[in-house]
Amino acid sequence: MNTAVSLPECTEEYKQQQRQKVLDSEVVHEWECILRSTLKPYTPIIMSGILSVMFGVFYFLSGDFHLIYFWAFLMLVMVPVSYFLFDVDYNYKGQITPKGIIVQKTERVPEIFYKATRGMAYIGIVVCVIAALMVGPLAFVGAGAFALLSFKMTGFQKQPEVYVRSFLKGIPCRIRRSEMPYQYEVQQFSSHCKSLKDLNDNAEQLRCFHRWTINCTAEQEKEVLSQLSRFVEFENKV
């Protein structure tokens with residue numbers, strides 16, 4: 001299968017130029033939504049169950065009543081951590097330009113929560129090490145959990161993830177809707193240049209590089225697709 005359009009070489013220089021063109025272009029439409037998993041309410045329940053089973057086994061093996069205090073301490077810290085950090089919500093902002101799209105995703109977690117969690121993690125390491133000396137080696141499991149949490153949070157800085165994709169002029173795209181497991185009726189649209197598939201290595205690299213994915217709510221869908229159609233030719237309708 002051949003295409004009448006002369007395809008550029010998909011080099012690193014080409015990719016960088018395309019990204020920069022998108023970033024330098026005027027934003028003609030933008031929208032915002034929240035990405036929140038439909039399973040998020042169950043995350044604290046799962047974490048509570050895991051901790052309860054784990055310490056139940058430890059208590060059965062050791063019979064030490066002090067383990068209940070460490071279980072309560074871990075529950076107090078890890079349950080909210082699991083809710084905010086293990087299944088993170090995102091503020092999602094999409095922008096359309098004549099050259100491509102820009103997406104920004106920022107975690108919806110208050111900065112003070114990270115600071116508090118980091119402090120509790122370091123305290124937890126000390127507490128669990130002391131517990132290990134008093135109770136036994138089983139408490140090192142808790143120390144390890146807090147150590148991992150501490151290392152995860154030490155270098156945290158709240159910065160948006162930026163996703164930039166340019167449009168490939170002259171090549172029609174095939175668009176597809178995906179029902180995503182998000183609350184607030186958020187769905188996903190993805191597009192790729194199907195006509196480039198299996199032509200040659202360069203065409204395949206271009207197809208992958210110019211593939212883009214966006215999220216929007218059902219109410220935003222019509223306007224978003226209408227704005228995209230000003231700059232992209234679609235093979236199909238969704």
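Which residues have the most contacts inside the largest nonpolar core, and how many residues does this core have? The legends below describe a predicted model, and the first of them takes up this question.

**View 1. The largest nonpolar core and its contact-rich residues I214 and L228.** The core has 32 residues, and those with the most contacts inside it are I214 and L228. Two or more residues are given to this core by each of the strands β1 (29-35), β2 (90-97), β3 (100-107), β6 (186-192) and β7 (212-217), and likewise by the helices α6 (201-209) and α7 (218-228). Apart from this core lies another one, of 9 residues, which includes M47, M75, M78 and V79. As a general background to such groupings, nonpolar side chains in soluble globular proteins tend to be buried together.

**View 2. The surroundings of L228.** When neighbours within four places in sequence are left aside, L228 is in contact with I96, I101, F167, W212, I214 and F234. One of these partners, I96, belongs to β2, where it stands opposite H29.

**View 3. The open sheet of 4 strands and the helix that lies across part of it.** The strands follow the order β1-β2-β3-β4 and pair in the antiparallel sense. Strands β1 and β4 (161-166) stand at the edges, and because each has a single partner strand, one side of each is left without a neighbour in the sheet. From one strand to the next, the twist averages 15°. The pairing of β1 with β2 is antiparallel and extends over 7 bridges. Helix α1, formed by residues 12-24, lies across β2, β3 and β4, and runs at about 105° to β4.

**View 4. F55 and S48, two residues of helix α2.** F55 is found in helix α2, which spans residues 43-62, and with a relative accessible area of 9% this side chain's residue is buried, because the value falls under the 20% limit. Not counting residues up to four places away in sequence, F55 touches L67, F70, W71 and L74. Of these partners, F70 is 15 residues from F55 in sequence, while the C-alpha atoms of the two residues are 8.7 Å apart in space. S48 is found in the helix α2 as well, and its relative accessible area of 19% also counts as buried, since the limit is 20%. With residues up to four places away in sequence again left out, S48 touches M75 and V79, both of which are among the residues of the 9-residue core.

**View 5. The second largest cavity.** A search of the whole structure finds 2 cavities of 30 Å³ or more, and the second largest of them holds about 30 Å³ of space. The residues that line this second largest cavity are S166, F167, L168, C173, H210, W212 and V232. Two of these lining residues, F167 and W212, are also in contact with L228.

**View 6. Positive phi values at E185 and D198.** E185, a residue other than glycine, has a positive phi near 55°; it lies in the loop between β5 (174-178) and β6, and is exposed, with a relative accessible area of 56%. D198 is not a glycine either, yet its phi is positive, at about 70°. This residue D198 lies in the loop between β6 and α6, and at 66% relative accessibility it counts as exposed, because the value is over 50%.

Key:
Residues are numbered from 1 along each chain as its sequence is written. This is a predicted model: local features need pLDDT of at least 70, side-chain atom pairs count only at pLDDT 80 or more; totals for chains, interfaces and linings use all residues. Side-chain values use heavy atoms; hydrogens and water are left out. Buried means under 20% relative accessible area, exposed over 50%, partly exposed in between (1.4 Å probe, protein chains only). Contact means heavy atoms within 4.5 Å. A nonpolar core is a set of buried Ala, Val, Leu, Ile, Met, Phe, Trp, Tyr and Cys residues joined through side-chain atoms within 4.5 Å. Two strands pair if DSSP finds at least two bridges between them. Axes are lines fitted to C-alpha atoms, for helices over the stretch in contact, and angles run from 0 to 180 degrees between N-to-C directions. On a 1 Å grid over the protein atoms alone, a cavity is a set of points where a 1.4 Å probe fits but cannot get out, and a pocket is an open set with protein on both sides within 12 Å along at least five of seven lines; lining residues have an atom within 4 Å of a point. Grid points are joined across faces, edges and corners, and a volume is the space filled by probe spheres set on the points.
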